[in-house]
Structures are given as C-alpha cells and as structure tokens.
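Student: Could you take one part of this model and go through it slowly with me, and then connect that part to what lies around it? I would like to know how each piece of the picture fits with the next.

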Amino acid sequence: MSVASGPPQEARRPPPGPGGPAAAPGERLSHRLYFYGSGTDLFGIQAVNALGTLLTLGFFHFWGKVRGLRYVLSQTELDGDRFAYHGTGRELLSGFAKAALLLAVPFGLMNVRNVDPTFGLQIEAAILGYALIYFLFVPLAVVGARRYRLSRISWRAIRFSFRGPVRSFVRLFARDSILTLLSAGLYYPWFAVRRHAFLVSHSYFGTEPFRFDGRGQEIFPVYARLVLLGPLTVGLYWFWFQAARQRYLWAHTAIAGARFESAVTGGRLLRLRLGNALLLLGTLGLAWPWTRVRNLRFAFLNLRLRGALEAAAISQDARAAAASGEGLAGLVGTGFELGA
Amino acid sequence: MTRTTWPGFYLDGRQAERQAAEVRLTPDGLEVLTQRGLRARWAYGDLRQTQGFYPGEQVRLEPRAGGEAVVVPADAFLIALRQVGGARARHFHDPGRRWLRGPAAVAAALAVLGLAGAAYVWVIPAAASALAPRVPVAWEERVGQGVLEYLAPSEERCEDPPRGRALDAIVATLAATVPETPYRFRVVVVDDPAVNALAGPGGYVVVYRGLLERTESAEELAGVLAHELQHVLRRHVARAVVQHTSTGLLLAGLTGDASGGVALEVARVLGQLRYGRQHEREADAEGLRMLVAAGIDPAGMIRFFETLNEAEPDDQAPALLDYLSTHPAGRERLETLRGLAAAAVRPAGKLLPAYDWTDVRRLCLAARGGAPVALDGRGRVYLAPLGPLPPETVERLVTYYSDRFGLQLETLPGAPLDPDAIDPGRGQLAAEEAIALLGRRHPTLAADPEAILIGITAHDMYIRSAGWRFAFAYRIGDRLAVVSTARLDPASYGAPPDPGLFEARLRKMVAKQIGLLHLRLPETREWGSVMHGPVRGLDDLDEMGEDF
C-alpha cells in the first residue's frame, strides 16, 4: 500500500571522499533519518487496534500500542538500516497495572473529600496528593518511560539504553522547580536545559553515550524573546520559539564523532501544525495517523547528523528496564516525542 | 528455478556495523556467509521474522534466542524463502496476502464505528441501568448530603415549620405511592431567586424560592416534586455517573489515550446530550404517573411547565439547536405530558384544601419574619389608575408586591385623563401634566406627607422637559410618580403579544418607583437589581432583575 519514498537501499554508499581524521575510508559524513511509512498503513493498524480494544474491553490496547510502535520504528531508516522495536503487549500491560496501583495513592489523597466528605484534613491530603504527583511521580514517570522505551529500541541489533539514576532526576526536578518558583520563572531556561542534559547525557546507544553541551545562559535569550514577543504576536511567536529551542538543543547534542543539526524554522513549524489542524478538523479527527506521519517526515527532513558515526566501534551494552515507568508516563500524561 | 542465494547483511548483535553477507536458502534452513566465513546456520523453525511486512521494507530474520539478525533488502526474498522452505517456512509473511490489509482496515474501521455507536446507544445505558441499583442507598445518602451542603448551606435555607409542613405533606402523598422505597424523601427550600429544583441522590430535593413563588397551587409544586422524586427513584444520578465513566473509557479506548483527560470531558458532554435527555423524559413521564397514582390532578404539572416555557420561549430555536441542548425541548415535553395526562383519570378533589397556597409559597418571606429586613419603607404607597386601565393590571401588582416583598399597597379609584394633558401634535400624554393631574384628582393624599402616589396609565407618555421620544416613568419630588404601560406590551411595536413579558416589565417599572420613593433605595448599576438605572429602553428593562 505504501510507496517507498527514499532512495533504494543498496545504491547508497557514498563515494570514497576526503573524510575527517576519524572517518574510515568510505564512511558517510552526513546522516539523516528516512520515514518510509504512510498514513494509510498507520490508519489500518489503528483501526484494527481500536476494534481489538473494544472487543477485549481494553486489554488489546497494549498489544495495539506495540503494533503501532513496531510499524513506526521499522519504517524509520538510518544509513540503510531500519530501527526495531522489541517491546511486548504483556510488558506494557503489567507496567500499566503497576503504575495504576502506584497512582492510587496520590489519587486517593486528592479525592478524599469525594469519598468521605467528613474527613477533616481534606485540603492537606489534596495538597500532599498533588505534591506527590508533581515532585515524585512526574520525574519517576519521565525517567522510567525513557528507560523502558530506549531499552526496547535497537538499530543494527544494538540496543539503546538509559542509565540516569531516578534519584538524581527527582532531586534535580525538585530543586529546579523550587528555584524557578523563587525566581518568578527567570530560572526556567536553566531548568529546561538541565533536564534535557540529564535525559540526553544518560542515554546510550550500545556502549556509546549521547553528549549534551548546552547551557542555560545560552538558551536564555530564546525564552526571553518568547516572553516579550509572545503576547505581541498573539501567541504566534510560539512556533519560532519552538524552532529556536529545537535548533539549539539539537546543535548541542552529539554521539560518537557526529553532531546533530536541526534546520527547523518557525514558519515551517507553523505550516506543519496548521496543516495538521485543518486535516484533523476536516476529518473530525480521523486523519490523525496521517498527521503523525507528517510530523515524522517533517522532523526527519529537518534533522541531520554530521560527522562520523564510527559504528564499528560501538558495541552491544543492553540494560534491563521494567515497563512500569512507561505505564506511569501514560497515566500521568507526560509525552515522549522525538525532536520535541 | 527459485533463486537460493541472496545478498544481504549480517548483524552480529555485538558491534553496530553491518557486515555484507550472502544468504543461502536450503530446504531446512538458511546459512549466512560473510567475508569471515560461515557465521550462522539456522533452521527455519528457529527463526522469527521481525521486519519485511510492508513493500520496500527490508526483510529481517532473527533467531528466537535473539541477539543476531540477518537482513535481506528484497521483497522477492520472502517469496523464495517460502518456496524453498515449504512447510517449514510457512510461518513467514506471505507478501501475496498484503492486499488484504486495505479491506481489513476498512472493515475494522466500520466495525469500530458500529460497535462504538451501539455501545453509546444501547450497551452503556443498559449497563448503567443494571449497575445503578446496586449502589447502596447509604452511599447515595452520603453523597446526597454532601450535595445538599453545597447547594443549600444551612444559612441559606428557608425554615418555616407551619408552611414547611404543607410541603412535607405533598411529599408524603407522593411517597405513599412507592411504599417499598428505601429512600427517605426530604424537601429543602433555598432562599435564592433561581427558578429551579434539583434532586440529589439519596432522597433530598432542593427547591429554590424563585420556583416556589411561581407556583400557583399545591398541584403545580407537586408536579415539580414528582419529577424530581423520579430522578431519585430511578437513580438517575448514579446512572449518569456510570454512563459518564463508561463513555469516557470507550473514548479513551478508541483514541488510545490512557490518561483519558480529554476523553472524559467529551464523554461528559456526550453523556449530557443523550442520557441527560433520556432521564428528563423518564422523570416527566414517571412523575406524571406518580401524580395520578397519588390522586393529584396532573393538570397542575402541565400548567406549571407551560408557565416555565413562557419564561424561556424556544419557538424560535431551530431543530438542530434543540437537539444540542441538555433538556428535551419545552414544547416537546409539554406535548408528551399532555398526551399522558389526557389518558389518565382525573381526580376529583384539590390537593391540600386546608392550606392557602398563596400563603404557603411565601415560605421564605415568612421564615425571614415577615417583610425582608432591608425593606423598611417610609409612608404608604397608593396605586392610582389614570385613564382607562384594566383593573386586573393594578390588582395583580398589589398581590405581587404583597406576596413577594410583603409590601402592602393600596389602590385608589380610577380617574379620567384630562384631554389638555395630551399633546395633540405628538398624541402623547405629557408626564408633567400627568403628575399635576394626579395631584388634582387626589388632593388630600397628594398633600399628605406620608402618602406616596404612583399613577399608572395606559396612554403613551413623554417628558416635555426631556428630549426623548417617549418615557416609561416620571417622578416629581419624592412622593409623586407616574408610569405608562403603553410601550411595555410587545404588541405595541408589532411583536406577538406576550402578557408574561408585559407584566414583568410593568412590575419592574412600578417596583423601581416604589424603591425610589417608598424604600428610598438608590439607583444602582447592578443588573440584578430592579433599582438599576439609567433605564434607556426595553432592552435595559428586560435585562434588569426584579429584586431590590
């Protein structure tokens, strides 16, 4: 049903060129991701997912999610090889169950007054509930989900992994949230960068870590411009802000001998989202798979990896990871998006 | 002859580089050879296919034990694989079956729509009906108590035991028709001008003062109470909660959104649209039946709904908006009720013959100890008709102010208009002349410093000293005023006559004069008060409230 829209796989070896000092002869010096999937295929997968979910009163949802992820990753190609997804429905289901049990605690605290209107410490309980969610569960979910997801993705049979300790992230999150509050938001760019640094620098492909060298003070002007220009442009500047932020974050992310580069602009982003919105409105939401494909193609089109990947030097170093973080992230609503 | 040697790549799962390889197909399995020699030999049974299900997608085979993989970037490889491997390779993907995806997707999508639609229309309401009765009454009462605390905090309740007993008697009469019910019904009246009544789970019915004061008889209130009691008896609240949650889950399942935030909101709206209307229809029909069973004339319920309908005419709303509102259209409701009532046997006697309903419905006023504390007026107010005026107009005003505010007004005999007071060119009564006329026709009272005279005329009026085309009212000093009803009736400007609206406007105009002259309240910019000013036209007048 889909037409391959990238170059044929075998003919794409770059001519032997000058290369950098660390590049092997014939090694590519510029890499990009290609997405070969189509909205139609994805729609078919999700239609079957929805049917399965309805017929099984929800259980199939997890296997459906795996089908979707497997398709998206298998249709994503880098340097001639496709990614692969190794998660299973059973893992996601048990992760969800554990997360639901875990969330029952703060949820119960937040809703004490609905269950027992005469309980005295309702407000304190509710505050405790919200605090637990924000300061503990959100960072837990972010780290847990990332760890699980990365561990189930591989390229050329080598798995990704995330090794950031949860405790460090919880501490970072709490401390930086408070600092942001105390500084009336001025500290936020540092918070954002430190969060990103933690998540990126503890991510690994096999034995090779990702590196991030961004700094709060460098990205501060980007946020400042948003605060100043956002209200003036009735919020439209948001797209240019997102683009600038992405460009900065990618430009400071590297792996092995290669560095990322993003060419996203506010105008292109606006056009993408506007197109998506119109598609969704016009089809009452049915066009969602097509918008997802548009987003992926857009992201890949505007992303490059410049330099030598030195794949031969990267070895397998898979790490174990449980799916409860993924479940928690799904319930708490923290997303996991490429390039955002 | 099937090709058995294919170029591909071998991934050893140890290094992130792919090694060019030659894949050889044999009847039992396949062999992978790279520059470094034979790297792997696997039986077909030990291999899984993990990629290669879509056109152009590289075919990827992995041993079940995992770790390594072999990749052949050619669709045709799969065909050859299945041919050479025969029975042993049957578990690999057959590219020839790919065309099934299209029809399968369409079929799945249609099935989803069908199932979801069926669930929304039948399954969810059925499940709610089945589950709701299993909710323990004690729980419902607990929740109901919480709702009651919220809607009717104790300081806002009207408690007047003598009149409250009348309401309790109505409830008892209705409850007697369902002796097996575990609920204990209680009516609470809230001192709020809203025209509304609500049933909370567990048996509490909250009636707002605004609604109570609009009822003309015990039968009318019984109709409202019967409707609300049916909400409790049919456990509509519990059912609504189940329906709401189920619809939310359904939507979350369809959209794959596990956190369900948006789904829950959409579910709430969808639920109100369909299930809310179903519940209202049920409460109407069963309420009417309850009235008949209790020996109460259902005409009261219908008459009261007619009154409510007049207050919010929906004749202009197009059919589509009708559907989108949470209550079945007023007209539709009335027709249904009329049909049901026509088939019923009409009881002979009145409900609560021992009580004077016009007194009972002033329950909140009585609870406050007579007139509201804030309304402390100076002098006596007289309403003086000027020129021809239907006597009921003035009588109704007097009754209204007495019932609503505890104000005792007196009516003076009508006095004819003086033709000199009417401007021949404009055809309008001069307001200044009207006031003078008031003084001439009732000289003693006009001279009495304790008397406040409010003239009411049906003639169109204008104020000479002002530049306006017409006036509703005019005052001189702090004791004399005149109000013209000419422009208050919609019929006067070509719209369909609306007696309810006319009365409301007249009440407000006269009330304002009473407020200014008798109660000495200041004009206010607040829209909710009848003392709102300036009143620049009918729109302002309609927007104003009726309370002081």
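**A close look, starting from one serine**

Tutor: The residue to begin with is B:Ser402, which lies in helix 14 (residues 391-405) of chain B. Please keep in mind throughout that this is a predicted model. B:Ser402 counts as buried because its relative accessible area is 16%, and the cut-off for that word is under 20%. Leaving aside residues up to four places away in sequence, B:Ser402 touches B:Arg362, B:Leu365, B:Leu407 and B:Gln408.

Further along chain B we come to a sheet. Five strands of chain B form an open sheet in the order 12-11-15-18-17, and their pairing is mixed. At the edges of this sheet stand strand 12 (409-411) and strand 17 (473-476) of chain B, each with a single partner strand, so one side of each has no neighbour in the sheet. On average, and with direction ignored, neighbouring strands here are turned by 20° against each other. Within the sheet, strand 15 (residues 451-457) and strand 18 (residues 480-484) of chain B run parallel and are joined by five bridges. To find this pair in the structure, you can look for B:Ile456, which stands opposite B:Val483 in strand 18 of chain B.

Two helices belong in this part of the picture. Helix 17 (residues 499-517) of chain B packs on the sheet, where it touches strand 11, strand 12, strand 15, strand 17 and strand 18 of chain B, and its direction makes about 170° with that of strand 18 of chain B. Helix 15 (residues 431-441) of chain B lies across strand 11 (380-386), strand 15, strand 17 and strand 18 of chain B, and it runs at about 125° to strand 18 of chain B.

Earlier in chain B there is another sheet to set beside this one. Three strands of chain B make an open sheet in the order 8-10-9, again with mixed pairing. Its edge strands are strand 8 (186-190) and strand 9 (197-199) of chain B, each of which pairs on one side only, and from one strand to the next the twist averages 20°. Strand 9 of chain B pairs with strand 10 (residues 204-208) of chain B in the antiparallel sense, over three bridges, and B:Leu198 has B:Val206 of strand 10 as its bridge partner. Helix 3 (residues 137-151) of chain B packs on this sheet, touching strand 8, strand 9 and strand 10 of chain B, with its direction at about 15° to that of strand 10 of chain B. Helix 6 of chain B also lies across strand 8, strand 9 and strand 10 of chain B, and it runs at about 30° to strand 9 of chain B.

Helix 6 (residues 218-233) of chain B deserves a pause: its 16 residues reach 22 Å from the first C-alpha to the last, close to the 22 Å expected at 1.5 Å a residue. The helix is mostly covered, since 15 of its 16 residues are buried. After helix 6 of chain B comes B:Arg235, whose phi is positive, near 55°.

A helix in chain A can be read in the same manner. Helix 8 (residues 216-232) of chain A has 17 residues, which at 1.5 Å a residue should span 24 Å, and its end C-alpha atoms are 25 Å apart, which agrees. Helix 8 of chain A also bends by about 25° at A:Leu226. Its buried residues are A:Gly216, A:Ile219, A:Val222, A:Tyr223, A:Leu226 and A:Gly230. An α-helix has 3.6 residues a turn, so residues three or four places apart point the same way. Among what covers the buried residues of helix 8 of chain A are helix 7 (188-201) and helix 9 (237-251) of chain A. Just after helix 8 of chain A, A:Val234 has a positive phi of about 55°.

Finally, consider how far the model can be trusted. Chain B has an average pLDDT of 84, and 93% of its residues score at least 70. Among the elements of chain B, strand 7 (residues 69-72) has the highest mean pLDDT, 94, and helix 10 (residues 319-324) the lowest, 41. Over residues 314-326 of chain B, pLDDT stays under 50. Where pLDDT is low, the predicted coordinates should not be read in detail.

Definitions and conventions:
Residues numbered from 1 in each chain as written. Chains lettered and ligands numbered in written order. Predicted model: local features only at pLDDT ≥ 70, side-chain atom pairs only at ≥ 80, totals over all residues. Heavy atoms only, no water. Helix = DSSP H or I, 4+ residues; strand = E, 2+ residues; numbered from the N terminus. Expected span 1.5 Å × (residues − 1). Buried < 20%, exposed > 50% of the residue type's maximum accessible area, 1.4 Å probe, protein only. Pairing = 2+ DSSP bridges. Axes fitted to C-alpha atoms, helices over the stretch in contact; angles between N-to-C directions. Contact = heavy atoms within 4.5 Å. pLDDT = per-residue confidence, 0-100. Bend = angle between axes of the 7 residues up to and from the residue.
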